[in-house]
Amino acid sequence: MGEIWKGAPVAAALCASLTGRISALRAAGVEPALAILRAGERGDDIAYENGAVKRCEKLGIAVRRVRLPDDCTKEEVLKAIRQVNADDGIHGCLLLRPLADRAAEEAACETLLPEKDVDGITPGSLAGVFAGGGRGYPPCTAQACMEVLDYYGCDPAGRRAAVIGRSLVIGRPVSMLLQRRNATVTMCHSRTADLPAVCRQTEILVAAAGQSGLVDAGFLAPGQVVLDVGINVGPEGGLQGDVDFQGAIRTAGAVTPVPGGVGAVTTAVLAKHVVEAAERTLSCGP
Ligand code: NAP
């Protein structure tokens with residue numbers, strides 16, 4: 001039987017590493033602060049926002065919630081983003097997506113300052129993920145995958161990895177982060193030929209397709225580390241990952257559960273990025 005790699009201890013360790021840094025910021029007169037922009041009343045957005053607020057406030061990170069109408073115009077979104085950009089008291093901004101108006105969303109991503117982009121949505125942040133360096137941050141979920149590997153002592157260097165999914169939110173950035181840590185990465189998608197065989201040949205498998213139960217025994221190899229990023233609503237309303245967990249745990253070396261795996265680390269990464277953004281303002285000076 002493989003190990004179950006839960007997200008809660010990873011998040012707890014991350015948060016524990018932030019408390020001293022937050023105290024140091026406060027001692028230097030900086031209260032780390034996050035703005036969360038939400039359009040409309042979608043249940044999953046509200047749940048994620050509430051989770052982020054709880055995590056941040058517990059740590060001593062201030063949160064400002066900004067509400068926009070569901071059908072907000074590009075001008076309304078950009079006004080809110082520009083206010084965040086101009087506010088020296090706000091260090092990070094989380095824009096809950098997708099917005100109903102895709103053009104407004106794209107404009108928002110292009111307008112947010114990369115140094116306040118704590119969830120990797122701006123072209124500047126993504127350029128940093130792909131080219132290294134830069135002023136922004138990787139998307140929180142992609143970084144959460146790396147935090148899980150680090151916490152449980154899985155060094156990607158020299159290992160073969162497959163990532164199922166190539167979105168800019170997860171698949172592509174996590175592929176780049178793994179490659180930067182010297183894994184040899186195959187980025188898979190809906191047109192990948194013989195996907196199970198490609199996945200079977202790897203030591204690390206990241207499933208981020210949004211397809212319940214896609215990853216079955218045919219994808220897995222003994223000892224493999226399987227990170228299940230998928231969040232799908234099952235027939236009875238519960239959450240399911242992309243991986244057939246019961247099957248995977250019999251073959252793989254370690255599997256993250258859904259819920260309670262990678263997703264449980266995401267808001268801790270968000271908090272870490274806000275703290276880093278606040279620290280950067282100190283090192284920049286007045
Ligand atoms: P997305 O934009 O829909 O992208 C899905 C990707 O998976 C695409 O690249 C698609 O390939 C690929 N794909 C879909 N079906 C496939 C199949 N049968 N075989 C191989 N590849 C397949 O989704 P996303 O935003 O990246 O999210 C992916 C999943 O992660 C969703 O379940 C989402 O809810 C979840 N998620 C989790 C967190 C978290 O905190 N854990 C955060 C955000 C999202 P093509 O490019 O060829 O279409």
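**Exercise 1. Determine where Asp 194 lies, what sign its phi has, and whether the residue is buried or exposed.**

Step 1. Asp 194 sits in the loop between S6 and helix H8 (195–200), where helices (H or I, at least four residues) and strands (E, at least two) are DSSP runs numbered from the N terminus. The model is a predicted one, in which local features need pLDDT of at least 70 and side-chain atom pairs count only at pLDDT 80 or more, whereas totals for chains, interfaces and linings use all residues. Residues are numbered from 1 along each chain as its sequence is written, and side-chain values use heavy atoms, with hydrogens and water left out.

Step 2. The phi of Asp 194 is near 45°, a positive value in a residue other than glycine. Most residues other than glycine have a negative phi, and most peptide bonds are trans.

Step 3. With a relative accessible area of 52%, Asp 194 is exposed; the classes are buried under 20%, exposed over 50% and partly exposed in between, with a 1.4 Å probe and protein chains only.

Step 4. Asn 182, with phi near 70°, also has a positive value in a residue other than glycine. Asn 182 is placed in the loop between helix H7 (171–180) and strand S6 (184–188), and at 52% relative accessibility it counts as exposed.

**Exercise 2. Find which peptide bonds to Pro 98 and Pro 259 are cis or trans, and where these prolines lie.**

Step 1. The bond from Arg 97 to Pro 98 is cis, with omega near 5°, and Pro 98 belongs to the loop between S4 and helix H4 (102–111).

Step 2. Val 258 and Pro 259 are likewise joined by a cis peptide bond, with omega about -5°; Pro 259 is found in the loop between strand S11 (254–255) and H10.

**Exercise 3. Classify the aromatic pairs of the structure.**

Step 1. There are two aromatic pairs; rings of Phe, Tyr and Trp (its six-membered ring) pair if their centres lie within 6.5 Å, and planes under 30 degrees apart count as stacked, over 60 as edge-to-face and the rest as tilted.

Step 2. The ring centres of Trp 5 and Tyr 152 are 4.7 Å apart with the planes at 5°, so this pair is stacked. The pair links distant parts of the chain, 147 residues apart, with Trp 5 in the loop between strand S1 (3–4) and helix H1 (8–27) and Tyr 152 in the loop between helix H6 (140–151) and strand S5 (160–164).

Step 3. For Tyr 151 and Tyr 152 the centres are 4.8 Å apart and the planes stand at 80°, so the pair is edge-to-face.

Step 4. Trp 5 is buried at a relative accessible area of 6%, whereas Tyr 152 is partly exposed at 24% and Tyr 151 is partly exposed at 40%. Together, Trp 5, Tyr 151 and Tyr 152 form one aromatic cluster.

**Exercise 4. Work out the strand order and pairing sense of the open sheet that three strands form.**

Step 1. The order is S3-S2-S4 and the pairing is parallel, where two strands pair if DSSP finds at least two bridges between them.

Step 2. Strand S3 (62–68) and strand S4 (92–95) are the edge strands, each pairing on one side only.

Step 3. Strand S2 (residues 33–39) and S4 pair in the parallel sense over four bridges, and Ile 36 has Leu 94 as its bridge partner in S4.
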